[in-house]
Structures are given as structure tokens and as C-alpha cells.
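I opened my notebook to see where the ligand goes and what surrounds it. Here is the model I looked at.

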Amino acid sequence: MKIKQHKKRIFSGVQPTGNIHLGNYLGAVKNFVKLQRLGNETLFCIVDLHAITVWQDPKVLQSSIRELAATFIACGLDSKKSVLFSQSQVSSHVELAWIFNCVARMGWLNRMTQFKDKAGKNKENASVGLFAYPALMAADILAYHATHVPVGEDQKQHLELTRDIATKFNNDFQVPNFFPNPEPIIEQIAPRIMNLRDGSKKMSKSDTSDMSRINIQDNKDLIALKVRKAKTDQEPIPEDIVDLEKRPEANNLINIYASLIDCTPKDVLTEYCGQPFSNFKPKLAEVLVSELGPISKKINQLLEHPDEIDKVLNEGAIKAKKISEPIIKDTYKILGLSNNISN
Ligand code: ADP
Ligand code: TRP
């Protein structure tokens with residue numbers, strides 16, 4: 001087989017596990033929209049098979065899939081420019097995931113910090129799927145020969161594993177560069193948005209306290225309340241970035257503001273240094289409301305027409321299959337497996 005040159009192709013996925021929060025938005029989805037706007041070939045996937053690695057109520061899952069599709073569209077993803085689809089509609093993902101389960105080593109997966117975090121103390125009772133989750137993620141990316149993956153910083157380790165799987169497969173079967181080595185694209189200002197009540201933890205859908213995060217569909221009053229109650233310290237806003245970085249909660253609020261208005265944290269310090277956070281917080285709430293308000297409104301409008309959302313996803317799945325099925329077919333051939341392709 002001749003050595004492949006891969007063209008730039010961008011792939012990312014988000015789990016349909018409840019409200020998208022500000023961390024998902026600034027760390028991932030806003031970046032997706034930028035990459036789409038730059039005219040790249042882009043695929044964005046609702047990773048519903050990843051969601052079921054922990055138990056999901058089927059009815060809730062179905063509506064969360066539509067909600068996430070509506071969120072993607074409301075944030076600016078356009079099904080004419082990007083392929084928008086759900087993972088379970090394209091069987092290539094699971095087919096390749098099984099193959100990667102046979103390529104990845106137990107030791108590699110044992111090192112994944114997300115598994116340790118999500119499984120908690122009761123590791124023995126976690127699903128096998130939760131453990132094998134990163135092999136499915138590698139399959140999501142490599143089934144499209146994607147070269148770039150926009151994600152939050154927390155996903156860096158999974159991307160490294162994806163590269164290890166690609167390299168091992170290419171070496172084991174002597175197919176140099178058959179699978180590309182995908183690169184993460186990590187947002188510079190908002191690589192990791194932190195929990196509003198505890199600056200040492202990332203903002204997450206799974207935190208029990210809703211006050212710890214801003215959800216994309218929170219209303220104006222709730223946003224203002226959450227920002228007002230966000231943990232800070234007694235000190236005023238510093239002049240120097242080095243001083244800010246020693247104060248995780250303060251740093252987080254400044255980074256959120258900078259990311260929302262597309263400037264650097266240093267620019268924010270220049271404008272607000274010396275002022276107490278009680279002056280800054282209402283400004284932050286204001287920019288949050290002006291960014292998230294219209295998105296939230298659009299999500300609700302889109303959700304009034306679930307059939308149209310389903311249509312977008314169905315059409316996306318057809319486009320996704322066109323790209324992934326020939327790649328799966330080649331992969332089967334490389335492995336010496338029968339060359340039939342499932343529909
Ligand atoms: P969660 O981690 O909230 O369960 P997902 O796993 O579905 O959400 O993540 C979707 C995307 O959002 C990923 O690219 C992830 O890296 C990014 N992301 C999640 N939380 C944050 C955060 N606090 N800051 C920045 N990016 C984040
Ligand atoms: N693991 C990612 C997360 O928890 C979601 C994900 C699944 C993903 N498959 C992917 C991200 C492929 C990028 C590419 O956020």
C-alpha cells in the first residue's frame with residue numbers, strides 16, 4: 001500500500017449528557033464555529049455511544065441528543081458547511097472501536113485519568129465501556145482519517161492515546177501513515193474553565209452543584225446570581241498576570257471574560273486593575289448574558305421542530321458514512337478480515 005498524504009480534516013465530539021455549560025462552549029463549541037468559519041472540512045458528532053458508558057434514561061437520552069444538535073446549530077454550526085450527526089447512526093465507529101480494543105494495551109488504558117475520575121472509588125463496578133471509552137474515541141477520529149481535533153485541555157491524554165493507537169496499528173500491519181496522527185487544537189485563553197465554587201476543579205456537567213457552572217440555557221437572573229456567588233478572594237484585581245495566576249478563582253473569572261470578548265487576560269487586567277471583584281462581576285454577567293441569551297433563545301426555537309433536527313442529523317449521517325465506510329473497508333482488508341461492509 002502506498003504512503004498516504006492526509007488532507008486537513010477536523011473532527012470533534014460532545015456527549016449528549018445534559019446541559020452544555022460554559023466550559024463546553026468556550027473550550028470546545030465556540031472553537032468549532034471558528035474552525036468552520038475558516039472554511040475547513042469539519043465534522044461534529046454527538047457521541048451518544050460514549051454517553052451510555054454510564055447509565056442513561058432512554059427517554060432523557062433521546063431528548064438530550066436533540067438538545068445538543070439544537071445547541072450546535074444555535075451556536076453557529078451550519079449543516080451546509082459541517083457534517084453534523086450522531087455517533088450511533090454511523091456503524092463505522094463501533095466497528096473500528098472493536099479493532100482498536102484489540103490494538104490498545106490494558107496498560108495504556110489503565111493510565112487514563114478520566115477513567116479514574118469517572119469510575120471513582122468503585123472501579124470494579126464501572127462498565128467495561130467506560131474503561132474502553134478512549135478506544136471508541138480514537139475510532140471516532142480515525143474512522144474519518146481526521147487530522148485535527150478541537151477539544152478542551154482535559155482531552156489531551158485521550159488524543160495522545162489516539163496517536164499511540166494509530167502508530168501501533170500502522171506499525172503492526174506495515175501500513176505507514178494509513179491512520180494519521182491527529183493533533184489536538186486547544187483554545188489558548190479558555191483551555192480549561194474552572195468550577196465557580198472551587199477553582200481547583202474543572203467546570204463539569206457532572207458536578208452536583210448547579211451553582212458551580214453556567215449552563216448555556218441559564219436565564220439572565222440565574223447567570224447574574226451564579227456570577228455574584230462565584231468564589232473569589234478579598235484582594236482587588238491585580239495588575240500583573242503572575243499575581244493573577246496565584247489566585248485560581250480570580251484567574252478563572254478573568255479568563256472567562258477575556259475569552260468571551262476575544263481579548264487577552266492582560267487586556268482585562270489593564271482595564272480593571274485595582275478594582276474589587278464586586279465591580280467586575282456585573283460586567284462579566286453582562287457579557288455572559290449578551291453572548292448566551294441569543295443562543296438560548298435559538299435553541300428553544302429549534303426544539304419546537306424536532307423533525308427538522310432529526311432531518312439534519314439523518315443527512316449528516318449519510319455524509320459521514322460516505323467518508324468513513326471506505327476507510328473501514330480498507331481497514332478490514334489490511335487486517336485480513338472479510339471484506340463485507342455492514343450498512
Ligand atoms: P463534560 O466534561 O462536561 O462532561 P464533555 O465530556 O461532553 O463534557 O466535553 C465536551 C467538550 O468540552 C470536550 O472537548 C471537553 O474537552 C470540553 N470541556 C469540558 N469541560 C470543559 C472545561 N471545564 N473547560 C474547557 N473545556 C471543557
Ligand atoms: N471524550 C470526549 C469528552 O469527554 C468526547 C469525545 C468522544 C470526543 N469522541 C470524541 C472528542 C472524538 C473529540 C473527538 O469530552
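My entries on the ligand and its pocket follow.

**Ground rules.** This is a predicted model, in which local features need pLDDT of at least 70 and side-chain atom pairs count only at pLDDT 80 or more, while totals for chains, interfaces and linings use all residues. Residues are numbered from 1 along each chain as its sequence is written, chains are lettered from A and ligands numbered from 1 in the order written, and side-chain values use heavy atoms, without hydrogens and water.

**Neighbours.** I looked up who surrounds ligand 1 and found 17 residues (a heavy atom within 4 Å counts as near). H21, G152, D154, I193 and K202 come nearest. Helix α1, residues 22-37, gives the most to this shell, with 4 residues; helices here are DSSP runs of H or I with at least four residues, and strands are runs of E with at least two.

**Polar partners.** Next I checked N and O atom pairs within 3.5 Å. The side chain of D154 comes to 2.5 Å from a ligand 1 oxygen. For K205 I noted 3.0 Å, and for N24 3.1 Å. The protein covers 95% of the 540 Å² of accessible area that ligand 1 has on its own (Shrake-Rupley, 1.4 Å probe).

**The lining.** Which residues lie nearest the centre of the largest pocket? I found Q114, K118, D154, Q155 and K202, out of 45 that line the pocket. Elements giving two or more residues to this lining include β1 (10-14), α6 (113-119) and α8 (156-172).

Notes: Polar contact = N/O pair within 3.5 Å; in protein donor to acceptor, adjacent residues only side chain to side chain. 1 Å grid on protein atoms, 1.4 Å probe; cavity = no way out; pocket = protein on both sides within 12 Å on 5 of 7 lines; lining within 4 Å.
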